[in-house]
Amino acid sequence: MRYIEPHGHMVSRTTDDYRDMVTAGCACVCEPAFWAGYDRSSVHGFYDYFCQLTDYEPKRAAKFGLPHYCWLCINPKESEDVGLAKDVIGIIPQFLDRPNVLGIGEIGLNKNSRNEMQVLEMHVDLAANHNQLILVHTPHLEDKLKGTRLILDVLKSDSRIQPERVIIDHVEEHTAQLVLDRGHWAGMTLYPESKCTGARAIDIFERFGSERLWMNSACDWGVSVPLAVPHAALEMRKRQWTAEKIDSVIYGNPIRFMSQTPKFKSPA
Amino acid sequence: MKRTDLLDLYFMENRAKLIDLAAFMDRVDRAEGDADFRYAAFKEALKELGRGDSERAKHVLLSLSDPTTEPIPAAPGKGAIGAWKT
Ligand SMILES: [Zn+2]
């Protein structure tokens, strides 16, 4: 089996996780910028984090033979401070030429506030100005439906944004169709306690088609499982999916989306 | 997959989840204290299981979602609770 982990916060994971992922068939990992679990106190903290994502972490991954890509932004959880967000967005362009940067992400909303909306619009503008792919985080639990609708409207209102160059992550049964109907890609996150289980993700593939859908573990510093994607692949086998179909979803689909930037080199 | 195959695969797991759900509700009912909006929302969402279509998961999620459409003035914190408090 081979697969791609299109959303993993590897700076929070151990070398054991890298070893286990590669052993399970991981062919490359992509790391969106995330909240640290605490608020960074200044733009300098983000500068250091972006250096970590574009320099140190790819070297750590390379020790396991694993190509590492990343996405840059200030996370929606830190978007309430619009002044800080402006400063952070101001330093992102100097990192966009780095070889492992795929685009802007994971941007989006968290509590669906006005300031979060303003920062989302700034990120979308940044991506459009620099012709970057976009990876969007949708809010958690009770906030997801409303946040997804607001995000879709922000994206639609910017005529420079090509829907197929945007992936909207963490969809569930109530938001998948909304996202796909707008022409975007959709991501399903496999978490033990929230978002999707493997069984539900397979249901969503079977119901909505696998044309523009991927799965990820979104493993980070919280309760999450770095091997969630290969575990879901095992469940697909139990659901009588063919090896070719499983491969097309867990390996082929991330490649099809990310190959829209020439920075992404197909592992094959 | 045939219905029987799906039941072979998932029945025992979901039987256990069903009993866990019942035990959770019994536990909450036995406990002292004020009513909590999360439990009311939970019981409301349970009604969606009686739907005759295959849209139960979607409607349970909708039932637990914030139905409003306008951005809020300011984020009250970072976390989500899992149920919508009107
Ligand atoms: Zn994430």
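## Close-up views of chains A and B

From the N terminus on, chain B runs α-α-α. That makes three helices and zero strands. The model shown in every view is predicted.

**View 1. Chain B is more spread out than a compact globule.** The radius of gyration of chain B is 17 Å. For 86 residues the globule rule gives 12 Å, and the value for chain B is well over that, so the chain counts as more spread out than a compact globule. Along the principal axes, the C-alpha trace spans about 50 × 35 × 25 Å. Buried residues account for 14% of the 86 in chain B. Take the contacts between residues at least 6 apart in sequence: 22% of these in chain B join residues at least 24 apart.

**View 2. The surface and charges of chain B.** Chain B exposes about 6,500 Å². Carbon and sulfur atoms supply 57% of that area. The charged side chains number 14 positive and 15 negative. The centres of these two sets lie 2 Å apart.

**View 3. Chain A is as compact as a globular protein of its length.** Chain A holds nine helices and eight strands. Its radius of gyration is 17 Å, close to the 18 Å that the globule rule gives for 268 residues, so chain A is as compact as a globular protein of that length. A box of roughly 50 × 40 × 35 Å, taken along the principal axes, is filled by the C-alpha atoms of chain A. Of the 268 residues in chain A, 60% are buried. Among contacts between residues at least 6 apart in sequence, 73% in chain A join residues at least 24 apart.

**View 4. The surface and charges of chain A.** The accessible surface of chain A comes to about 9,900 Å². Carbon and sulfur atoms hold 50% of it. Chain A carries 30 positive and 35 negative side chains. Between the centres of the two sets lie 3 Å.

**View 5. The zinc ion is coordinated by A:H7, A:H9 and A:E106.** Both histidines bind through NE2, and A:E106 binds through OE. The distances are 2.0 to 2.1 Å. Along the chain, the donors follow the spacing H-x1-H-x96-E. A:H9 and A:E106 link distant parts of chain A, 97 residues apart. A:H9 sits in the loop between strand 1 (3-5) and helix 1 (15-23). A:E106 belongs to strand 4 (residues 101-108).

**View 6. The burial of two zinc donors, A:H9 and A:E106.** The cut-off for buried is under 20% relative accessible area. A:H9 has a relative accessible area of 2%, so A:H9 is buried. A:E106 is at 2% relative accessibility and therefore counts as buried.

**View 7. A:N115 in helix 4 of chain A.** Helix 4 covers residues 114-129. A:N115 has 23% relative accessibility, so this residue counts as partly exposed. Leaving aside neighbours within four places in sequence, A:N115 is in contact with A:S79, A:E80 and A:V82. One of these partners, A:S79, is 36 residues from A:N115 along the chain. The C-alpha atoms of A:N115 and A:S79 are separated by 6.6 Å.

Methods:
Residues numbered from 1 in each chain as written. Chains lettered and ligands numbered in written order. Predicted model: local features only at pLDDT ≥ 70, side-chain atom pairs only at ≥ 80, totals over all residues. Heavy atoms only, no water. Helix = DSSP H or I, 4+ residues; strand = E, 2+ residues; numbered from the N terminus. Rg over C-alpha atoms; globule rule 2.2 N^0.38 Å. Buried < 20%, exposed > 50% of the residue type's maximum accessible area, 1.4 Å probe, protein only. Contact = heavy atoms within 4.5 Å. Areas by Shrake-Rupley, 256 points an atom, 1.4 Å probe, with all protein chains shown as cover. Lys, Arg positive; Asp, Glu negative; His and termini not counted. Charge placed at Lys NZ, Arg CZ, Asp CG, Glu CD. Donors = N, O, S within 2.8 Å, 3.2 Å for Na, K, Ca; no water.
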